[in-house]
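Here's a walk through some charged pairs, one helix and one polar side chain. Have the structure open as you read.

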Amino acid sequence: MYIPKQYRKEDYQEIKDFIQRYNFATIISTVEGRPLATHIPVNVQEDGDALYITGHVAKRNQQWKTLDKGEHILVIFQGPHAYISSTWYENDDVPTWNYQSIQVYGNSRLLKEDELITDLTRLLNKYEAHREHGATWDNMSEKSKSQVKGIVGFRIKVTELYAAYKLSQSRSVADKDHIIDTLSSSEDHLDHAVAKAMTKEQKSTK
């Protein structure tokens with residue numbers, strides 16, 4: 001991913017927090033040069049000094065075969081993004097798009113059944129444990145649990161990390177303040193999220 005220097009994010013903890021928050025990812029691998037992609041929620045965790053991404057796909061999804069001892073698997077995490085009109089600038093320029101996106105590469109292997117159940121338990125706990133009688137693994141019926149036979153789990157060890165936060169860093173303070181105000185007054189929740197990200201970025205550079 002091409003990332004101009006001013007948009008490059010290198011803080012490991014911030015990157016890790018980002019992909020844990022925006023964990024509905026795109027997994028990309030190839031078969032004979034043709035890309036395959038699947039959009040799924042994933043778990044992100046550390047084990048020692050290594051960072052791992054785990055998840056599962058339907059057994060009918062043939063992409064799982066590329067994740068058995070796969071190399072250079074690409075995973076994309078997309079955060080908030082918003083159109084930025086050049087009419088919001090003090091001086092004449094062109095429109096653009098602000099966004100936060102992270103790409104990681106890694107080597108993959110398939111999960112054994114017990115590892116898959118552990119991973120499913122972790123994912124379900126994240127979204128269900130806070131609910132009364134939530135649909136956690138422990139609360140599921142045996143009938144529901146049996147559906148695990150229809151999925152295949154994978155684990156990707158991250159080898160490369162690239163983070164792009166394009167948040168109008170090259171604009172003047174006045175321009176950035178106007179962009180933030182305009183996005184904040186929008187009815188689009190993504191605009192609001194970008195405004196918050198820009199505000200956070202401004203504070204971190206002061």
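Arg131 sits in the middle category for exposure: with a relative accessibility of 45%, it counts as partly exposed. Keep in mind that this is a predicted model. Arg131 makes a salt bridge with Glu128, and the closest N and O atoms are 3.5 Å apart. In general, side chains of opposite charge can pair when their charged atoms come close.

How many salt bridges does the count come to? The count is ten. Here are some of them, including the Arg131 pair:

| Salt bridge | Closest N and O atoms |
|---|---|
| Lys9 with Glu14 | 3.9 Å |
| Lys16 with Glu46 | 2.8 Å |
| Arg131 with Glu128 | 3.5 Å |

The Lys16 pair deserves a closer look. Lys16 belongs to helix α1 (residues 12–21) and Glu46 to strand β4, so this salt bridge ties together parts that are 30 residues apart in sequence. Is each partner buried or exposed? Lys16 is buried, at 10% relative accessible area, because the cut-off for buried is under 20%. Glu46, on the other hand, is partly exposed at 39%.

Lys9 is another buried lysine, with a relative accessible area of 13%. Beyond its salt bridge with Glu14, there's a wider arrangement here: Lys9, Glu14 and Glu201 are linked in a network of salt bridges.

Now for helix α2, which covers residues 113–128. Does its length agree or disagree with what you'd expect from 1.5 Å a residue? It agrees: the 16 residues should span 22 Å, and the end C-alpha atoms are 22 Å apart. Glu128, the partner of Arg131, is the last residue of that range.

The buried residues of α2 are Leu116, Asp119, Leu120, Thr121 and Leu123. As a rule, an α-helix has 3.6 residues a turn, so residues three or four places apart point the same way. What do the buried residues of α2 pack against? They pack against four strands: β3 (34–41), β4 (43–47), β5 (50–58) and β8 (151–166). Strand β4 is also where Glu46 of the Lys16 pair lies.

Last stop: Asn98, in strand β7 (residues 96–110). Asn98 is buried, with a relative accessible area of 0%. What does its side chain join up with? A polar contact of 2.8 Å links the side chains of Asn98 and Ser168. If you set aside neighbours within four places in sequence, the residues in contact with Asn98 include Pro80, His81, Ala82, Ile84, Lys166, Leu167, Val194 and Met198, as well as Ser168.

Conventions:
Residues numbered from 1 in each chain as written. Predicted model: local features only at pLDDT ≥ 70, side-chain atom pairs only at ≥ 80, totals over all residues. Heavy atoms only, no water. Helix = DSSP H or I, 4+ residues; strand = E, 2+ residues; numbered from the N terminus. Buried < 20%, exposed > 50% of the residue type's maximum accessible area, 1.4 Å probe, protein only. Polar contact = N/O pair within 3.5 Å; in protein donor to acceptor, adjacent residues only side chain to side chain. Contact = heavy atoms within 4.5 Å. Expected span 1.5 Å × (residues − 1). Salt bridge = Lys/Arg side-chain N within 4 Å of Asp/Glu carboxyl O.
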